Amino acid sequence: MPDKRLKISDRIAARIIGGETVIVGLDDNTMNILNDVGTFIWERVDAGKTLHEIIPEICAEYEVDEQTAKRDTETFVEEMLSKKIFLESDD
């Protein structure tokens, strides 16, 4: 999964408020709130970075080892994919 390029779905509305991302699904009105780490990942996905590029940035920003960052990031991304908030990009 580390080389996977993602994009943010166009079927959501999102705003970053106080360091947290508030996401509302346009089809079902579900709401999700991302903490600071989730928002950190969100911003990098939005910038077009791959997981391979994001994981070292997480290690540096949060002083966490690569194995933990990889595991936790992949779990987060799988959850966002299952909710159709993130989509796999063809680019």
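## Exercises on a predicted model

In helix α2, L51, I54, I55, I58 and C59 are buried. The model is a predicted one. The exercises start from this helix and then move to the sheet.

**Exercise 1. Decide how the buried residues of α2 are arranged around its axis.**

*Step 1.* Recall the helix geometry. An α-helix has 3.6 residues a turn, so residues three or four places apart point the same way.

*Step 2.* Look down the axis. The buried residues of α2 fall within an arc of 140°, so they line one face of the helix.

*Step 3.* Check the opposite side. H52, A60 and E61 are exposed there.

*Step 4.* Find the packing partners. The buried residues of α2 pack against β1 (6-8), α1 (36-46) and α3 (66-82).

**Exercise 2. Test the length of α2 against the expected span, and state what follows the helix.**

*Step 1.* Take the residue count. Helix α2 covers residues 51-62, which is 12 residues.

*Step 2.* Apply the rise. At 1.5 Å a residue, counted over one less than the number of residues, α2 should span 16 Å.

*Step 3.* Compare. The end C-alpha atoms of α2 are 16 Å apart, which agrees.

*Step 4.* Move past the end. E63 follows α2, and its phi is positive, near 50°.

**Exercise 3. Work out the layout of the three-stranded sheet and place α1 on it.**

*Step 1.* Write the order. The sheet is open, runs β2-β3-β4, and its pairing is antiparallel.

*Step 2.* Name the edges. β2 (12-17) and β4 (31-34) are the edge strands, each pairing on one side only.

*Step 3.* Gauge the turn between strands. With direction ignored, neighbouring strands are turned by 15° against each other on average.

*Step 4.* Add the helix. α1 packs on this sheet and touches β2, β3 and β4. The direction of α1 makes about 120° with that of β2.

*Step 5.* Inspect one pairing. Strand β3 (residues 20-25) is joined to antiparallel β4 by four bridges. In β4, N32 is the bridge partner of I23.

**Exercise 4. Classify A14 as buried, partly exposed or exposed, and list its contacts beyond four places in sequence.**

*Step 1.* Locate the residue. A14 lies in strand β2.

*Step 2.* Use the area. The relative accessible area of A14 is 23%. Buried requires under 20%, and exposed over 50%. A14 is therefore partly exposed.

*Step 3.* List the contacts. Leaving aside neighbours within four places in sequence, A14 is in contact with T21, V22, I23 and W42.

*Step 4.* Add a distance. A14 and S82 are 68 residues apart along the chain, and 17 Å separates their C-alpha atoms.

How values were computed. Residues numbered from 1 in each chain as written. Predicted model: local features only at pLDDT ≥ 70, side-chain atom pairs only at ≥ 80, totals over all residues. Heavy atoms only, no water. Helix = DSSP H or I, 4+ residues; strand = E, 2+ residues; numbered from the N terminus. Buried < 20%, exposed > 50% of the residue type's maximum accessible area, 1.4 Å probe, protein only. Arc of directions from axis to C-beta. Contact = heavy atoms within 4.5 Å. Pairing = 2+ DSSP bridges. Axes fitted to C-alpha atoms, helices over the stretch in contact; angles between N-to-C directions.
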